[in-house]
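This report describes one protein model for a reader who has not seen it before. Please look over the sequence and the structure first.

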Amino acid sequence: MFISILLIGLNFTSFAQTKSPAVEEASAKLIKFYPNPATSDITFEYQYGYDKSYTLQLYNFLGKKVYELTTTSPKISLSLTNFFRGIYVYQLRDKRGKIVESGKFQVVK
C-alpha cells in the first residue's frame with residue numbers, strides 16, 4: 001500500500017511540474033536589465049510591449065522608493081552614483097498603477 005501511494009505521489013508531482021506553452025509565454029519578461037550585479041550604471045531594455053505610459057519604480061531593500069521614471073524610450077540607462085550597495089527591486093507599472101512586472105537587481109561598489 002505504501003508503495004502505491006508513493007508512486008501516485010511521484011506521478012502527480014511530475015505532472016504538476018510540467019508547464020504548458022501558454023504558461024511559459026505568460027512568464028516571459030517585458031524588460032531585461034543588465035549588468036547584474038551592477039557597479040556604476042544599469043540598463044533596462046524592453047523586449048516587447050513598450051508603452052510610453054509605463055512607469056519604472058526602484059525600491060531599496062527597506063522598501064523605500066529611490067527612483068521613479070515614466071518610460072520615455074525602449075532603452076533606459078540609469079547611473080547608480082547615488083545608490084548604495086545592496087539589493088534593489090524594480091516595478092514596472094501601467095497608467096492605472098498596476099504592477100505589470102517586477103524583479104530585483106544588485107548594486108556592488
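Is Ser 79 buried, exposed or partly exposed? Ser 79 has a relative accessible area of 42%, so it is partly exposed. In this report, buried means under 20% relative accessible area, exposed means over 50%, and partly exposed lies in between, with a 1.4 Å probe and protein chains only.

The model is predicted: local features need pLDDT of at least 70 and side-chain atom pairs count only at pLDDT 80 or more, while totals for chains, interfaces and linings use all residues. Residues are numbered from 1 along each chain as its sequence is written, and side-chain values use heavy atoms, with hydrogens and water left out.

**Overall make-up**

The protein has two helices and seven strands. Along the sequence they follow the pattern α-α-β-β-β-β-β-β-β. Helices (H or I, at least four residues) and strands (E, at least two) are DSSP runs, numbered from the N terminus. Of the 109 residues, 26% count as buried. The protein exposes about 7,700 Å², of which carbon and sulfur atoms supply 60%; accessible areas come from the Shrake-Rupley method with a 1.4 Å probe, and for residues only the protein chains shown count as cover. Among contacts between residues at least 6 apart in sequence, 49% join residues at least 24 apart. Contact means heavy atoms within 4.5 Å.

**The sheet of three strands**

Strands β1, β2 and β5 form an open sheet in the order β1-β2-β5, with antiparallel pairing. The edges are β1 (31-34) and β5 (75-79), each with a single partner strand, so one side of each has no neighbour in the sheet. From one strand to the next the twist averages 15°. For such angles, axes are lines fitted to C-alpha atoms, for helices over the stretch in contact, and angles run from 0 to 180 degrees between N-to-C directions. Two strands pair if DSSP finds at least two bridges between them. Strand β2 (residues 41-46) is joined to β5 by five bridges, and Phe 44 stands opposite Ile 76 in β5.

Ser 79 is found in strand β5. Not counting residues up to four places away in sequence, Ser 79 touches Ser 40 and Asp 41. Its C-alpha atom is separated by 6.7 Å from that of Ile 42, although the two residues are 37 apart along the chain. The side chains of Ser 79 and Thr 81 are joined by a polar contact of 2.8 Å. A polar contact is a pair of N or O atoms within 3.5 Å; within protein, one must be able to donate a hydrogen and the other to accept it, and residues adjacent in sequence count only if both atoms are side-chain atoms.

**The sheet of four strands**

A second open sheet has the order β4-β3-β6-β7, also with antiparallel pairing. Its edge strands are β4 and β7, each of which pairs on one side only. Here the twist averages 20° from one strand to the next. In β3, five of its five residues are buried. Thr 55, Gln 57 and Tyr 59 lie on one side, and Leu 56 and Leu 58 on the other. Strand β3 has five bridges to β4 and five to β6 (residues 86-93). Some of the facing residues are listed here.

| Residue in β3 | Partner strand | Facing residue |
|---|---|---|
| Thr 55 | β4 | Thr 70 |
| Thr 55 | β6 | Arg 93 |
| Tyr 59 | β6 | Val 89 |

The hairpin of β3 and β4 has five residues between the strands, and Gly 63 there takes a positive phi near 90°. Asn 60 is found in this loop, between β3 (55-59) and β4 (65-70). Asn 60 counts as buried because its relative accessibility is 15%. A polar atom of the Asn 60 side chain lies 3.0 Å from the backbone nitrogen of Leu 62. Leaving aside neighbours within four places in sequence, Asn 60 is in contact with Val 66, Ile 87 and Tyr 88.

**The nonpolar core**

A nonpolar core is a set of buried Ala, Val, Leu, Ile, Met, Phe, Trp, Tyr and Cys residues joined through side-chain atoms within 4.5 Å. The largest one has 18 residues, of which Ile 42, Phe 44, Leu 58 and Phe 105 touch the most other members. Strands β2, β3, β5, β6 and β7 (99-107) each supply at least two residues of this core. Leaving aside neighbours within four places in sequence, the contacts of Ile 42 include Phe 33, Ile 76, Leu 78 and Phe 105.
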